[in-house]
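Welcome, and please open your viewer. Get ready to select residues one after another as we go.

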Amino acid sequence: MADLKAFLFDVDGTLADTERDGHRVAFNLAFEEYGLGWDWSVDTYGKLLEVTGGKERMKFYVDHFLRDNEIPDNIEAMIPELHQAKTRHYTELLSTGAIPLRPGVERLINEAREKSYRLAIATTTTPENVTALLEHTLGSESIDWFEVIAAGDIVPAKKPAPDIYDYAMEKMSLTPEECIAFEDSINGIKSSMGAKLKTIITINDYTRDHDFTGASIVLDQMGEPEQPFSVLAGDAGDAAYLDCELVERLHQKA
Ligand code: XBP
Ligand code: MG
């Protein structure tokens, strides 16, 4: 096995619990702004998460959740506008500090930097959303800690396609054997494993029942020394939280 050189992070659901109280809320604010009368409940949003990408998710909603007579005539033109409004609401929400990083994320990123691992982001979300999250959690200088922020429409085929991970690794001139991915969802692991990456999963409320077959380990969270993780699948040895040593061990495993 090649030496581990880089940590590739998903964002939504992995770095922070952004979906239920962030993206969903921002979509609803955009719908309200446009007087659409659409309201995505926590449950409905769970079903809509099957589709990655905000524009794609709205299109899926229109196609599968609305009756023909409920669909606005100009919907195709409206979706990009709605999405811009949603991004504005979402980044405003992040600027209030409403969404913290998940337990262990900041600690692991800091340790990875100290140990000179290279860092990148591979996500489906819009680039502004990533920079806003980093800025309002780790501080604006943290944006430069990530060598590549591969996000949004930068590749046409979003997760579960492997393209976004392939793109990040190509930019870094790294092979999959030299990297490890951090994900939270079925679409995420399909994408990372499709790119031949070993993958560490931290689940959340929307993804706990997803099929993570093939993951290096499945955890409820990265954990902290005072807030140990639960191992849902795989072997963490005697570790109580995810640190670089455990990441290395998981990477070296056949
Ligand atoms: C993230 C997504 C995104 C966000 C919305 O998935 O599916 O669609 O919910 O972002 P992943 P945009 O964590 O697998 O990258 O509205 O900016 O598209
Ligand atoms: Mg995710």
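The tour below goes from the metal site to the strands, then to the ligand and a few backbone details.

Before you click, note that this is a predicted model, in which local features need pLDDT of at least 70, side-chain atom pairs count only at pLDDT 80 or more, and totals for chains, interfaces and linings use all residues. Residues are numbered from 1 along each chain as its sequence is written, chains are lettered from A and ligands numbered from 1 in the order in which they are written, and side-chain values use heavy atoms, with hydrogens and water left out.

**Stop 1: the magnesium ion**

Select ligand 2, the magnesium ion, together with D10, D12 and D184. D10 (OD), D12 (O) and D184 (OD) coordinate this ion at 2.1 to 2.2 Å. Donors here are N, O and S atoms within 2.8 Å of the metal (3.2 Å for Na, K and Ca); water is not among the atoms, so sites may look incomplete. Along the chain, the donors follow the spacing D-x1-D-x171-D. D12 sits in the loop between β1 (6-9) and α1 (19-33), and D184 in the loop between β4 (179-183) and α8 (186-194), so the pair ties together parts that are 172 residues apart in sequence. Helices (H or I, at least four residues) and strands (E, at least two) are DSSP runs, numbered from the N terminus.

Are D12 and D184 buried or exposed? Both are buried. Buried means under 20% relative accessible area, exposed over 50%, and partly exposed in between (1.4 Å probe, protein chains only).

**Stop 2: the strands**

Now colour β2, residues 118-122. Four of its five residues are buried, so β2 is largely enclosed by the rest of the structure. β1 and β2 run parallel and are joined by four bridges; two strands pair if DSSP finds at least two bridges between them. To see one partnership, pick F7 and then L119 in β2, its bridge partner.

Next add β3, residues 146-150. This strand pairs with β2 in the parallel sense, again over four bridges, and A150 in β3 is the bridge partner of A122.

**Stop 3: ligand 1**

Select ligand 1 and show what surrounds it. Which residues come nearest? Of the 18 residues around this ligand (each with a heavy atom within 4 Å), the nearest are G54, R57, H83, K86 and T126.

Look at the polar contacts too, pairs of N or O atoms within 3.5 Å. A polar side-chain atom of T126 is 2.5 Å from an oxygen atom of ligand 1. For T125, an N or O atom in the side chain lies 2.8 Å from an oxygen atom of the ligand. D10, which you met at the magnesium ion, also has a polar side-chain atom 2.8 Å from an oxygen atom of ligand 1. Taken alone, ligand 1 exposes 450 Å², and the protein buries 98% of that (Shrake-Rupley method, 1.4 Å probe).

**Stop 4: backbone details**

Most residues other than glycine have a negative phi, and most peptide bonds are trans. Zoom in on K159 and P160: the peptide bond between them is cis, with omega near 15°. P160 is in the loop between β3 and α7 (163-172).

Move on to S173, in the loop between α7 and β4. S173 has a positive phi of about 50° although it is not a glycine, and it is exposed, with a relative accessible area of 66%.

Finish at K196, in the loop between α8 and β5 (198-202). Its phi is positive, near 65°, and K196 is exposed, with a relative accessible area of 63%.

Methods
A polar contact is a pair of N or O atoms within 3.5 Å; within protein, one must be able to donate a hydrogen and the other to accept it, and residues adjacent in sequence count only if both atoms are side-chain atoms.
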